[in-house]
Amino acid sequence: MHQEGQLGAGSLVRGWFRMLFGLAIGSLTGLLGLAAAISGAGAVRQTGYELRRIALFDRAVHTNPLTRTRCRRYLAVRWLVGGLGAGVILMLAFWYAVAISMVTAWLFDGDWGLVEDGDRVSLDLIGLVAVPGVLAVFVTTAGVVGVAALDRWLATEMLGTNQQALLRRRVAELTSTRAGVIEAIDDERRRIERDLHDGVQQRLVALGMLIGRARRAKGEEQLQELLDQAQDTAGEAIDELREVATRVYPAVLDDAGLDAALEVLAERSSVRVEISNELKASPGTALETVIYFVVSEAVTNAAKHADPSVVEISVWPDAKGITVMVWDDGVGGADPAGSGLSGLARRVRAVDGEFEVTSPEGGPTTIYARVPCE
């Protein structure tokens with residue numbers, strides 16, 4: 001508990017200094033923003049800089065698309081906040097300088113401005129000034145947080161979206177994602193049905209026909225040949241059924257985890273696959289499933305359409321979650337709107353992830369997916 005308290009206090013101090021630094025920069029850019037508001041030149045660019053500064057030193061502001069008129073209006077008001085921040089910083093510096101000079105005089109110069117009992121008068125004077133001085137230092141220190149909050153509030157009010165608009169946007173995103181998930185599930189069912197009909201079912205029909213011919217065989221040699229063919233066909237049907245089951249959900253993912261599932265995927269692939277998995281712990285079954293199917297579909301698409309010599313798979317954690325990259329040196333030209341890649345995009349967005357495909361003609365093709373994790 002004591003260590004957690006120390007960490008919490010340290011985090012608060014670091015956050016305060018971060019706000020102070022951001023406020024100092026904002027004070028300097030206030031006049032630049034006013035000039036941009038008056039002239040109109042570079043208003044959108046200057047506003048974008050202010051928003052990045054607020055996000056870097058405090059918290060990000062959700063904004064609507066920036067327009068020149070709205071940016072000029074924002075900058076015309078924002079310089080006042082910059083001036084207020086400069087005033088708070090100057091007051092803070094002044095009171096800290098007074099406090100340091102008085103403490104230094106008390107410690108190292110006992111006869112400053114004294115009559116007879118210098119030490120007593122010094123202590124009396126320090127005692128007289130100490131209480132209002134401490135209050136002034138506290139108020140100006142808290143003022144840094146207040147002006148930083150005012151800076152963010154102003155940007156939110158004049159450029160951003162309010163909480164209700166954000167909630168409506170979020171509901172719309174979730175509704176769209178749910179529809180995409182349902183569509184992806186339907187596509188997956190149709191694909192499984194097609195695989196079973198065109199693959200396993202045809203093998204089983206052929207097996208039945210071979211058994212029927214074997215029952216009507218007239219000689220031992222013909223019977224043995226038909227039984228051998230039936231055995232081969234049964235083996236092919238089992239392999240194909242196992243392949244379909246693996247595409248539905250690989251059992252090794254539950255048994256041995258993502259790392260082993262990717263290794264099995266690489267071994268079964270018709271092209272050379274190189275894997276770099278930097279995850280130290282399991283992100284959970286749901287995210288492992290998404291990551292696996294992104295990689296599986298990407299490798300399958302590359303082997304089927306791109307004719308690559310190698311496919312590289314990289315999985316690593318970052319500040320926003322887990323990033324997956326699948327790169328191949330094939331012919332490129334992959335269509336993000338195609339059934340396979342669009343299905344992957346829907347699967348990734350179902351967990352609030354991001355999906356991107358870069359595939360110029362001639363290659364290479366790079367597929368990025370980032371999934372958030374708690």
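**Exercise 1. Locate Pro364 and describe the peptide bond before it.**

Solution. Pro364 sits in the loop between strand E4 (354-358) and strand E5 (365-371). Helices (H or I, at least four residues) and strands (E, at least two) are DSSP runs, numbered from the N terminus. The bond from Gly363 to Pro364 is cis, with omega near -5 degrees. Most peptide bonds are trans.

The model is predicted: local features need pLDDT of at least 70, side-chain atom pairs count only at pLDDT 80 or more, and totals for chains, interfaces and linings use all residues. Residues are numbered from 1 along each chain as its sequence is written, and side-chain values use heavy atoms, leaving out hydrogens and water.

**Exercise 2. Find the loop that holds Asp307 and decide whether Asp307 is buried or exposed.**

Solution. Start with the place: Asp307 lies in the loop between helix H9 (285-306) and strand E2 (310-318). Next, the backbone: Asp307 has a positive phi of about 50 degrees, although it is not a glycine. Most residues other than glycine have a negative phi. Last, the surface: Asp307 has a relative accessible area of 65%, so it is exposed. The cut-offs are under 20% for buried, over 50% for exposed and partly exposed in between (1.4 Å probe, protein chains only).

**Exercise 3. Describe the whole chain by its secondary structure, burial and contacts.**

Solution. Count the elements: 10 helices and five strands. Then burial: 35% of the 374 residues are buried. Then contacts, meaning heavy atoms within 4.5 Å. Among those between residues at least 6 apart in sequence, 70% join residues at least 24 apart.

**Exercise 4. List the aromatic pairs in detail.**

Solution. The whole structure has three aromatic pairs. Rings of Phe, Tyr and Trp (its six-membered ring) pair if their centres lie within 6.5 Å; planes under 30 degrees apart are stacked, over 60 edge-to-face and the rest tilted. Two of the pairs are worked here.

- Trp16 and Phe17 are edge-to-face, at 4.9 Å centre to centre and 85 degrees between the planes. Trp16 is buried, with a relative accessible area of 14%.
- Phe21 and Phe57 have centres 5.4 Å apart and planes at 70 degrees, so this pair is also edge-to-face. Phe21 lies in helix H1 and Phe57 in helix H2, so the pair ties together parts 36 residues apart in sequence. Phe57 is buried, at 13% relative accessible area.

**Exercise 5. Check the length of helix H2 and name its buried residues.**

Solution. The expected span is 1.5 Å times one less than the number of residues. For the 15 residues of H2 that should give 21 Å; the end C-alpha atoms are 21 Å apart, which agrees. The buried residues of H2 are Ala43, Gln46, Thr47, Gly48, Glu50, Leu51, Arg53, Ile54 and Phe57.

**Exercise 6. Characterise the largest cavity and its lining.**

Solution. A cavity is a set of points on a 1 Å grid over the protein atoms alone where a 1.4 Å probe fits but cannot get out; lining residues have an atom within 4 Å of a point.

1. The structure holds one cavity of 30 Å³ or more.
2. The largest cavity has about 80 Å³ of space.
3. Its lining includes Met19, Arg53, Phe57 and Ala148.
4. Helix H1 (2-39), helix H2 (43-57) and helix H4 (118-159) each supply at least two lining residues.
5. The lining divides into five nonpolar, one polar and four charged residues.

**Exercise 7. Trace the contacts of Met19.**

Solution. Met19 is in helix H1. Leaving aside neighbours within four places in sequence, Met19 contacts Phe57, Asp58, Val144, Val145 and Ala148. Met19 and Gly146 are 127 residues apart in sequence and 9.9 Å apart in space, C-alpha to C-alpha.

Technical notes. On a 1 Å grid over the protein atoms alone, a cavity is a set of points where a 1.4 Å probe fits but cannot get out, and a pocket is an open set with protein on both sides within 12 Å along at least five of seven lines; lining residues have an atom within 4 Å of a point. Grid points are joined across faces, edges and corners, and a volume is the space filled by probe spheres set on the points. Ala, Val, Leu, Ile, Met, Phe, Trp, Tyr, Cys and Pro count as nonpolar, Asp, Glu, Lys and Arg as charged, and the others, Gly among them, as polar.
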